[in-house]
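Please look over the sequence and the model before reading on. The paragraphs below go through a few places in the chain, one after another.

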Amino acid sequence: MWLLSTRRLELRNFARADEVPGGYAILSHVWQSPEQSFHDIQELCKDNASLTDPRLSAKIRKCIEVSVSYNIDWLWVDASCIDKSSSAELSEAINSMFSWYAGALICFAYLYDVPNSCAVDAPASAFRNSKWFTRGWTLQELIAPKCVVFMSMDWTYLGTKASIASLLTEITGIHVGVLTFRKELAQVSVACRMSWASKRETTRSEDEAYCLMGLFGITMPTIYGEGREAFRRLQEEILKRSPDQTLFAWGRLLPSGVPSTRLTRGMEDISSTLFATSPRDFRESADYKPVSRGNIRRTLEANMGTLHLVDVSEDPDFTVTNLDVQCQPLVMNIGHFVLAMLACQTSSGDTIALLLRQRNQPVDTERPQYSTGALCDTAEEAATFVTTAPQNAVRYRLFHVNTVSLSGFIGSPLDSARDTIRPQTMYIIHSLALSVPHPWLRLLEEEPRQIVLPPWLALQCKRYNFEQESDDPSVSTSASQCEVAVLPLTLWFHHEGRPSEAFAIHLERYQIWLCASVFIQQPSSHPHPIALVSPLGIPTPNVYFPLRAFEESTLGDGVHPSELQHCIRFWPQGSRTFGDGERNLTLSFTRWPTRNSYCLDLSLGGTAYDPQSSSNIPGRSEAILRKHFDGLVPRLPRRLRYENAASSMVAFVMGPANPSSSSPGSFHRFAVLPQPQESAQTAVVYPAPLPKTFRRRKPANNNSPPPKIGLDTR
């Protein structure tokens with residue numbers, strides 16, 4: 001333990017806190033940048049700097065002055081008295097910090113955001129709103145010391161922990177007896193102690209666990225980088241040392257009177273495990289208190305009548321394994337769900353039960369494995385167990401056992417459920433790291449509600465000379481430079497060099513299912529455009545694509561979404577390709593950046609879209625065209641060429657209906673090409689007479705035969 005002398009600028013190491021001559025003062029504060037580190041102080045000591053040296057921070061100088069006024073020779077400041085370059089020393093300091101604060105003669109709590117003239121007990125005072133009460137580490141710094149003196153921004157006395165204990169209870173929720181040492185910390189339930197930290201924050205997620213170790217008498221290795229795993233390890237250590245089952249009493253409480261038929265299984269998430277992920281999960285658990293298992297039986301019998309059970313007076317053991325937690329609670333089986341009675345009660349005397357469901361595909365199939373919680377939307381009509389979770393469903397985890405809630409939940413006389421109560425060995429998962437959910441549970445996962453268009457989508461299309469067009473007012477640009485569009489949504493893209501070359505992507509929701517379809521247009525001079533039709537058969541106004549469109553069939557009544565080619569959820573790997581060898585688009589959807597969003601990716605393929613293809617090089621001659629066309633269709637008696645100067649289009653006609661006539665209207669088929677990009681890849685066979693704007697081009701030598709050209713009649 002390194003301490004700073006208040007008589008001269010010196011750092012000295014003491015093996016134990018109780019060996020410090022005359023005791024020591026300790027500082028509690030919110031860090032402000034920059035804070036002087038251990039090595040900064042060492043450098044000043046090497047320079048023989050004095051305590052008044054301006055290089056010493058004003059906070060440390062003032063704290064030393066106040067300590068001297070209390071005739072204390074040694075001071076501990078967390079920022080300056082821990083050598084953080086040594087992981088061993090840092091771990092020792094974190095594990096010892098609660099005892100160091102408890103062993104201090106006095107703790108100075110410096111509140112940099114509270115003025116000298118503050119009336120601390122005023123309803124909206126700066127004292128009540130000080131950031132000091134929102135930080136995770138200051139919780140133990142308030143509870144552990146025997147004497148805490150609060151100082152304002154100018155180091156003016158504001159009060160002591162003892163003198164304003166009731167006010168501190170209002171602000172923090174900590175029992176006044178704990179603050180005044182009339183009540184032992186061990187007498188406070190685990191859930192209540194966790195709730196004290198539920199509104200506090202730490203810079204590092206690991207510190208959410210490390211700052212609470214002293215409150216539970218826990219020591220464990222500190223591993224920065226493990227993230228939320230630290231809080232799970234803390235709960236495991238608490239479980240080893242304490243029989244208090246309020247450790248598991250966190251999460252939402254199912255409203256009284258909700259029947260079990262309104263619950264759905266839903267996808268497992270972080271709240272499906274026995275251990276909480278953060279102290280914030282305990283924000284509603286302050287009033288829970290542990291009881292014996294015998295009290296559970298008496299409470300149940302008071303609500304349901306005599307239970308014919310063997311002796312259940314002993315509290316069941318909870319054993320942590322690498323996969324789950326093994327226990328043997330009293331359980332009540334109701335439909336697809338199980339109520340597991342915890343040895344704890346509410347302030348009104350109701351037993352608290354965990355709402356469990358058996359997992360369809362546990363990791364270890366040799367034993368029944370359970371997860372916690374179920375989804376329910378209390379505002380919607382009753383649902384069956386097999387229905388998909390409603391969009392607004394929330395996960396409920398706890399159940400208060402009383403006559404009203406049981407009657408509503410069971411939906412039948414309590415006598416029928418009484419006989420199902422028995423002790424049962426259960427295995428409840430404590431982590432999703434090794435979880436392998438049943439494939440059918442994927443159907444119960446909530447569908448995303450929006451599409452995210454990433455910045456690279458436009459760049460991908462730009463590579464193929466396509467520009468995106470959209471006048472959708474629902475599209476907006478977020479801070480992450482991604483466009484977010486609420487469904488339904490139509491995106492269309494036009495080729496920069498070939499205006500009639502385009503494609504469209506249409507997305508919308510059918511019931512809860514997100515559907516997608518692609519419409520591809522190739523160059524044509526068709527005078528009658530075809531309106532874009534959504535996957536549901538609904539015309540989309542103001543969007544027109546002539547002729548060639550890969551349209552989807554509409555969703556029919558009674559058809560399962562897995563049978564539909566539109567439904568993104570059932571696409572292999574969330575991807576599907578539309579089109580043919582000339583023009584094709586591959587749509588891919590991933591849940592990003594949140595599980596409530598689909599990120600759209602697309603890739604273009606085919607000979608017509610390939611930016612390196614020779615078909616996109618202007619100036620194609622008829623000789624090269626003949627090379628592409630010859631052999632694709634049988635020779636026909638007449639092949640004539642017509643041009644449209646207004647639209648730079650050329651048409652080849654074939655198959656005269658009347659061989660004696662040479663007018664455009666007398667031919668069955670027309671191959672329409674843009675000029676000068678004449679190629680088989682951009683040809684469109686037109687099954688109707690050409691408009692009158694096309695004029696026949698006569699060959700230079702009228703005696704020469706017409707060019708031999710075959711046409712792709714697809």
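What follows is a walk through charged pairs, one unpaired arginine, a surface patch and a cysteine in a strand.

The model is predicted. Side chains of opposite charge can pair when their charged atoms come close. Counting a Lys or Arg side-chain nitrogen within 4 Å of a carboxyl oxygen of Asp or Glu as a salt bridge, the total is 24 salt bridges.

One of these joins Lys-59 to Glu-35, with 2.7 Å between the closest N and O atoms. Lys-59 belongs to helix α2 (residues 58-69), while Glu-35 sits in the loop between β3 (25-29) and α1 (38-46), so the salt bridge ties together parts of the chain that are 24 residues apart in sequence. The two partners can also be described by their accessibility. Lys-59 has a relative accessible area of 12% and is buried, whereas Glu-35, with 22%, is partly exposed.

Another salt bridge is formed by the side chains of Arg-135 and Glu-201, at 4.0 Å from N to O. This pair links distant parts of the chain, 66 residues apart: Arg-135 is in the loop between β5 (106-110) and α4 (137-143), and Glu-201 is in the loop between α7 (190-196) and α8 (207-210). Arg-135 is buried, its relative accessible area being 17%. Glu-201 is partly exposed, at 49% relative accessibility.

A pair within a helix comes next. Glu-237 and Arg-241 meet through their side chains in a salt bridge of 2.6 Å, N to O. Both lie in helix α9 (residues 229-241), and because they are four residues apart there, about one helical turn separates them. Glu-237 counts as buried at 17% relative accessibility, and Arg-241 as partly exposed at 48%. Elsewhere, Arg-8, Glu-10 and Arg-12 are joined into one network by salt bridges that share partners.

What does a buried arginine contact when it has no salt bridge? Arg-200, in the loop between α7 and α8, is such a residue: it is buried and has no salt bridge. Its nearest side chain of opposite charge is that of Glu-141, 7.9 Å away. Since a salt bridge needs the two atoms within 4 Å, the 7.9 Å to Glu-141 does not meet the cut-off. The side chain of Arg-200 does reach the backbone oxygen of Arg-135, at 2.8 Å. A polar contact of 2.9 Å also runs from the Arg-200 side chain to the side chain of Thr-138. Leaving aside residues up to four places away in sequence, Arg-200 touches Trp-132, Phe-133, Thr-134, Arg-135, Gly-136, Thr-138, Leu-139 and Thr-172.

The next stop is on the surface. Trp-456, Leu-459 and Trp-592 make a nonpolar surface patch of about 330 Å². Of these residues, Trp-592 is found in the loop between β30 (584-591) and β31 (597-605). The relative accessible area of Trp-592 is 36%, which makes this residue partly exposed.

The last stop is Cys-327, in strand β10 (residues 324-327). Cys-327 counts as buried, with 3% relative accessibility. Thr-425 is 98 residues away from Cys-327 along the chain, but 5.8 Å separates their C-alpha atoms. When residues up to four places away in sequence are not counted, Cys-327 touches Asp-317, Phe-318, Gln-424, Thr-425, Met-426 and Ile-428.

Methods. Residues are numbered from 1 along each chain as its sequence is written. This is a predicted model: local features need pLDDT of at least 70, side-chain atom pairs count only at pLDDT 80 or more; totals for chains, interfaces and linings use all residues. Side-chain values use heavy atoms; hydrogens and water are left out. Helices (H or I, at least four residues) and strands (E, at least two) are DSSP runs, numbered from the N terminus. Buried means under 20% relative accessible area, exposed over 50%, partly exposed in between (1.4 Å probe, protein chains only). Lys and Arg count as positive and Asp and Glu as negative; His and the chain ends are not counted. A polar contact is a pair of N or O atoms within 3.5 Å; within protein, one must be able to donate a hydrogen and the other to accept it, and residues adjacent in sequence count only if both atoms are side-chain atoms. Contact means heavy atoms within 4.5 Å. Patches are made of residues with over 30% relative accessible area and no salt bridge: like charges are joined within 9 Å, nonpolar side chains (Val, Leu, Ile, Met, Phe, Trp, Tyr) within 5 Å. Accessible areas come from the Shrake-Rupley method with a 1.4 Å probe; for residues, only the protein chains shown count as cover.
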